[in-house]
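Reader: I am new to reading protein models. Could you pick one part, look at it closely, and then show me what surrounds it?

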Amino acid sequence: MVQQQEIKRAWYKEMAVYQVWPRSFKDGNGDGIGDLKGVLEKLDYIKSLGVDAIWFSPLYVSPQKDYGYDIADYRNIQPEYGTLDDFRAVLEGAHARGMRVIMDLVVNHTSDQHQWFLESKKGDDNPYHDYYFWRKGKGKRRPNNWMSTFAGPAWEYDEGLDEYYLHLFAVEQPDLNMDNPKVREEVKDIMRYWLDMGVDGFREDVITFISKKEGLPSSPYYFPVGTGIENYMHGPHLDEYLMEFKNDVLSHYDCMTVGEAPMMTTKKALHHIAEGPDQQLNMMFHFEHMSADCMFFSWLHTKFSLKKLKKVYTRWQKDLYGKAWNALYIENHDQPRIVNRYGSVQYRKESAKLLATMYICQSGTPFIYQGQEIGMLNLALDSIDDYVDVSTLNNYQVAKKLLGEKKAMELVHYASRDNARTPVQWSAEKNAGFTTAENAWFHVNPNYTEINVEEAEKDPDSILNYYRRLLKFRKEHDVVIYGAYEEYNADSDKLYVYGRFLGDTKLLVVNNFSDDNVSFTAPQDFDLASGKLALSNYEKCGTLGNGFALRPWETRVYLWEA
Ligand code: GLC
Ligand code: CA
């Protein structure tokens, strides 16, 4: 028997979250850019999915060099998206429908147009100088050899000051010096500002990068991107700062946090999210399961390995069980569309439903990215000039140098974040019903005539309606949320099979990650004849003995209730 732990209920564990990347969600005023008016129009749609919260990618004032992750004013809304009143209307509208609102908290860096940075540039004696990492060069060389995550050196020279500033991301995203207590006070004030307005929590952008090793030492390693990461991916004062945010602010509100954490392992994660008095964050977005088709990030593309994926999932499910809570996602604004990566474009509908089942039936809080629920796909644009994402443009240059133009472009098609940032396809009307403007701000995927929300609404078997059934099923069965996890058929490179156990209730989730027919025999504890087929993505789901033959990309969920 699988060992079971006592349930520790919490609203953030039971909710499902829909992520809105505002620029491409819905244009409400006809200028070609998504906005809060558009969100307001679609609140009923979001609610209809069966989610309990919306996470907004940054809505704040920003020069949009990194589409909102470069913030120039933390307390106001980007004018293109609307006003604070528009935001309040969305907040109220969401709350009125029983949905919470989670804001993106981006405090590892600001925009170079933020008032603090503009001040900090004025001189060594400016009170804001120490809000950032300003350093003298070493002779003609930069202060250290760190490379930005977006490619290129992590230091930018300022002639006026004859100093360099640190930017782990784009040149226009100077890193904040979190070691300065004044900066931490600012962060806490920003948190209070939004929490007092009524928001329900934060997704904390690259939060595990906020503490840099003292002296900012050069790295003995070299990578074209991210050299030096060992000095900040889990820095010396991270625990301290996260505890301070919790004790001084977060613990005074009924709110939740999910921290974004590149290069995170279960062991390190537990350090931050294990329940108890020392818990710093509620959940963590790690990246390990997004590397089943690459090394660390999608630009180092490899063949998809189901075994690699299963190992990661099983490790996170097991290591966190009873101790901490998983954040589950397979898409977001930084990841190419999942059907192109782990699924099959040929079997788009089947594989999209399978992928949904595969991750949402695990223990954790599921996050669903806009467009994922209708199976939107990547978009390959002809020329690099058509792309707008800063990391795409920079990584392309690196790839071109190393691999030549053709291969670099193939990589762009595969790995670019712009794949996930095309406008949401609402209908078969012009511009996919995203905007009434002549042109949307970014390319609409031409497949919108077939893949769109309106079409999916009409079809009871659409991916969209499957998501609704799946989320309803999760909500109605604690075993999906809280059950213990056990993996079967671990050696298979086509099947991903796991069980979930809560009291005497159990679940069996069977997924065929291949274009082939694959035969399957249920593990000993499961008698298919006495179970109920709760979810599936094919018609006519017969059994043969205590098993069945799975069709391409078939998923089935069986339930045994006490
Ligand atoms: C996070 C965001 C990403 C952004 C980066 C820098 O990874 O999700 O979109 O570019 O941080 O803020
Ligand atoms: Ca607009």
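Author: What follows starts at a metal site and then moves on to helices and loops.

This is a predicted model. Start with the calcium ion, ligand 2. Which residues hold donors for the calcium ion? The protein donors are Asp27 (OD), Asn29 (OD1), Asp31 (OD), Ile33 (O) and Asp35 (OD). They lie 2.2 to 2.3 Å from the ion. Look at the spacing along the chain. The donors follow the pattern D-x1-N-x1-D-x1-I-x1-D.

Now ask about exposure. Are Asn29 and Asp31 buried, partly exposed or exposed? Buried means under 20% relative accessible area, and exposed means over 50%. Asn29 has a relative accessible area of 48%, so Asn29 is partly exposed. Asp31 stands at 38%, so Asp31 counts as partly exposed too.

Next, follow the chain to a tryptophan. Trp441 and Gly34 are 407 residues apart in sequence. In space, their C-alpha atoms are 8.6 Å apart. Where does Trp441 sit? Trp441 is in the loop between H13 and helix H14 (453-458). Leave aside neighbours within four places in sequence, and Trp441 is in contact with Trp21, Arg23, Ser24, Gly32, Ile33, Tyr67, Val388, Arg421 and Phe434. One of these, Ile33, is also a donor of the calcium ion. That links the loop to the metal site by contact.

Stay with that loop for one more residue. Asn431 also has its place between H13 and H14. Its phi is near 55°, a positive value in a residue other than glycine. With a relative accessible area of 11%, Asn431 is buried.

Compare a second residue with positive phi. Phe296 has phi near 65°, and Phe296 is not a glycine either. Phe296 lies in the loop between strand S12 (294-295) and S13. Is Phe296 buried or exposed? At 56% relative accessibility, Phe296 counts as exposed. Asn431, in contrast, is buried.

Turn to helix H13 itself. Buried residues in H13 are Ala408, Met409, Leu411, Val412, Tyr414 and Ala415. What do they pack against? They pack against strand S13 (297-301), helix H10 (338-341) and H12.

Take the H12 partner in detail. Helix H12 covers residues 390-403, and helix H13 covers residues 405-415. Their axes come within 7 Å and cross at roughly 145°. The crossing is right-handed. From H12, the residues in the contact are Thr392, Tyr396, Ala399, Lys400 and Leu403. From H13, they are Glu405, Lys407, Ala408, Met409, Leu411 and Val412. By class, this contact has seven nonpolar, one polar and three charged residues. Ala408, Met409, Leu411 and Val412 take part in this contact, and they are also among the buried residues of H13.

Two other helix pairs share helix H6. Two packed helices are described by the angle between their axes and the distance between the axes.

First pair: helix H4 (residues 84-96) with helix H6 (residues 181-197). Their axes are 11 Å apart, at an angle of about 55°. H4 and H6 are therefore oblique to each other. Leu84, Phe87, Arg88 and Leu91 in H4 meet Tyr193, Trp194 and Met197 in H6. This contact has six nonpolar residues, no polar ones and one charged.

Second pair: H6 with helix H7 (residues 238-248). The axes come within 10 Å and cross at roughly 40°. H6 and H7 are therefore oblique to each other. The crossing is right-handed. On the H6 side are Arg184, Glu185, Val187, Lys188, Met191 and Arg192. On the H7 side are Tyr241, Glu244, Phe245 and Asp248. By class, there are four nonpolar, no polar and six charged residues in the contact of H6 with H7.

End with Tyr128. Tyr128 lies in the loop between helix H5 (115-120) and strand S6 (134-135). What does Tyr128 touch? Not counting residues up to four places away in sequence, Tyr128 touches Trp116, Glu119, Ser120 and Glu186. Its relative accessible area is 26%, so Tyr128 is partly exposed. Tyr128 and Ser519 are 391 residues apart in sequence and 65 Å apart in space, C-alpha to C-alpha. Set that beside Trp441 and Gly34, which are 407 residues apart in sequence and 8.6 Å apart in space.

Methods: Residues numbered from 1 in each chain as written. Chains lettered and ligands numbered in written order. Predicted model: local features only at pLDDT ≥ 70, side-chain atom pairs only at ≥ 80, totals over all residues. Heavy atoms only, no water. Axes fitted to C-alpha atoms, helices over the stretch in contact; angles between N-to-C directions. Helix = DSSP H or I, 4+ residues; strand = E, 2+ residues; numbered from the N terminus. Left-handed = near helix turned anticlockwise from the far one by under 90°. Contact = heavy atoms within 4.5 Å. Nonpolar A, V, L, I, M, F, W, Y, C, P; charged D, E, K, R; others polar. Donors = N, O, S within 2.8 Å, 3.2 Å for Na, K, Ca; no water. Buried < 20%, exposed > 50% of the residue type's maximum accessible area, 1.4 Å probe, protein only. Parallel < 35°, antiparallel > 145°, perpendicular 65-115°, else oblique.
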